[in-house]
Amino acid sequence: MVGYDPQAQVPALTSQDAALAGSAAGMITRALVSPFDVIKIRFQLQIEHASSLRREGRYWGLFQASRRIHTEEGLFAFWKGHIPAQLLSMCFGAVQFASFECLTEVVHEMTPYDSQTAGAHFVCGGFAACFATVVCQPLDTLRTRFAAQGEPKVYRNLRHAVSTMCRSEGVLTFYRGLSPTLVAVFPYAGLQFFFYNVFKNMLDPPPKVANSGGNLRNLVCGSGAGMISKTITYPFDLFKKRLQVGGFEEARVHFGQVRRYRGFVDCVIQIAKEEGIRGFFKGLSPSLLKAALSTGLTFFWYEFILDAMRNLKEKQKANGFTKDSQER
């Protein structure tokens with residue numbers, strides 16, 4: 001089980017261990033789910049209807065979008081922006097899980113609440129994600145810009161993107177969309193940890209730590225938690241993506257219509273007027289697939305790596321006792 005557990009039969013891991021495991025889990029997961037993220041972003045940024053019944057836009061279905069991107073831009077288009085996305089995933093995973101472990105320990109030490117309850121995980125998970133978001137938002141903006149651009153490319157590489165955006169739009173452009181992101185990320189991440197805790201306790205009592213690493217239960221629980229939390233908070237993710245490509249309209253022209261938004265509220269109003277309530281959920285299908293895979297795999301690899309680190313430390317400790325006994 002993730003989070004500080006005062007009743008654990010093994011020595012507690014440090015924040016550095018949690019950061020390393022979270023970073024590695026984020027890196028592996030990002031490489032596997034990147035295609036779904038690129039498709040999701042394309043749908044989110046499309047103004048026209050994304051429906052097979054009204055084929056007004058460039059993309060109107062998951063498989064159609066996949067075929068079109070592959071045909072027009074090649075296989076590697078599904079990993080556009082992968083370098084900033086990998087940096088984002090590694091940074092976010094490290095900060096989020098390290099913060100979460102610290103916050104759950106604080107809950108146990110300084111409050112009367114049980115740090116292993118679903119409610120505690122909701123609050124700690126939400127605050128941990130907010131902190132990680134503030135730290136990693138520039139990387140998220142870069143990832144979105146790279147995934148959104150078509151051919152010819154506006155940004156040649158990461159260094160060129162950073163210098164161009166700083167020069168033409170200013171440093172604050174890296175924090176575009178931060179408001180809806182923070183509004184959405186607290187309940188989104190909080191619900192992930194909440195439902196992960198609930199599902200693990202529902203499916204089976206927590207097994208012994210030595211036998212729990214990387215099992216199917218972690219994957220299933222994480223996938224279910226990811227899908228539920230993503231559906232509830234999805235509109236805010238769409239608002240964030242629309243705001244992040246502000247000032248980037250020239251690279252979006254050949255994809256279809258483009259819009260300029262003066263801020264969060266203006267973005268919500270314009271989408272509601274032009275695209276209706278369904279506009280808030282454009283790209284939901286690939287997003288749910290991505291959420292199920294990414295959340296499931298993140299928790300799977302996080303717990304797998306933590307268990308591997310615990311087993312390694314126990315083995316080193318046992319070897320140390322053996323050497324001391326032999327020397328005596």
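Tutor: Contact, a word we'll need right away, means heavy atoms within 4.5 Å. What you see is a predicted model, where local features need pLDDT of at least 70 and side-chain atom pairs count only at pLDDT 80 or more, while totals for chains, interfaces and linings use all residues. Residues are numbered from 1 along each chain as its sequence is written, and side-chain values use heavy atoms, with hydrogens and water left out.

Student: Okay, which residues does Thr164 touch, not counting residues up to four places away in sequence?

Tutor: Start with where Thr164 sits: in helix H5, residues 158-169 (helices are DSSP runs of H or I with at least four residues, strands are runs of E with at least two, and both are numbered from the N terminus). Its relative accessibility is 15%, so Thr164 counts as buried (buried is under 20% relative accessible area, exposed over 50% and partly exposed in between, using a 1.4 Å probe and protein chains only). Once those sequence neighbours are set aside, Thr164 touches Tyr155 and Glu169.

Student: How many helices does the chain have?

Tutor: Read from the N terminus on, the elements run α-α-α-α-α-α-α-α-α. Strands come to zero, and the helix count is nine.

Student: And what percentage of the residues of the chain count as buried?

Tutor: For background, contacts between residues at least 6 apart in sequence join residues at least 24 apart in 80% of cases. As for burial, the chain has 328 residues, and the buried share is 51%.

Student: Is the aromatic pair of Phe97 and Phe299 stacked or edge-to-face?

Tutor: Rings of Phe, Tyr and Trp (its six-membered ring) pair if their centres lie within 6.5 Å; planes under 30 degrees apart are stacked, over 60 edge-to-face, and the rest tilted. The whole structure holds 18 aromatic pairs. For Phe97 and Phe299, the centres are 6.1 Å apart and the planes meet at 90 degrees, which makes the pair edge-to-face.

Student: How many residues apart are Phe97 and Phe299?

Tutor: Phe97 and Phe299 are both buried. Phe97 belongs to helix H3 (residues 82-110) and Phe299 to helix H9 (residues 284-327), so this pair links distant parts of the chain, with a separation of 202 residues.

Student: Why does the pair of Phe100 and Phe193 tie together separate parts of the sequence?

Tutor: These two rings are stacked, at 4.1 Å centre to centre and 20 degrees between the planes. Both residues are buried. The reason is that Phe100 lies in helix H3 and Phe193 in helix H6 (residues 178-203), so the parts they join are 93 residues apart in sequence.

Student: Which residues form one aromatic cluster?

Tutor: You've already met Phe193, which also contacts residues beyond four places in sequence, including Val2, His121 and Gly125. The cluster holds Phe97, Phe100, Phe193, Tyr196, Phe299 and Tyr302.

Student: Which element gives the most to the largest nonpolar core?

Tutor: Such a core is a set of buried Ala, Val, Leu, Ile, Met, Phe, Trp, Tyr and Cys residues joined through side-chain atoms within 4.5 Å. This one has 21 residues, and Val2, Ala21, Phe100, Phe193, Tyr196, Phe299 and Tyr302 touch the most other members. Helices H1 (15-45), H3, H4 (118-148), H6, H7 (216-244) and H9 each give two or more residues. With five residues, the top giver is H9.

Student: How far apart are the closest N and O atoms of Asp37 and Lys40?

Tutor: A salt bridge puts a side-chain nitrogen of Lys or Arg within 4 Å of a carboxyl oxygen of Asp or Glu, and the count here is 18. Asp37 and Lys40 both lie in helix H1, three residues apart, about one turn of the helix. Each has a relative accessible area of 2%, so Asp37 is buried and so is Lys40. Their closest N and O atoms are separated by 3.3 Å.

Student: Which residue forms a salt bridge with Glu169?

Tutor: Glu169 is partly exposed, at 23% relative accessible area, and its partner is also partly exposed, at 30%. The closest N and O atoms are 3.6 Å apart, and that partner is Arg176.

Student: How many disulfides does a search of the whole structure find?

Tutor: A disulfide is a pair of cysteine sulfur atoms within 2.5 Å. Cys130 is buried at 17% relative accessibility, and Cys267 is buried at 0%. The search of the whole structure gives a disulfide count of zero.
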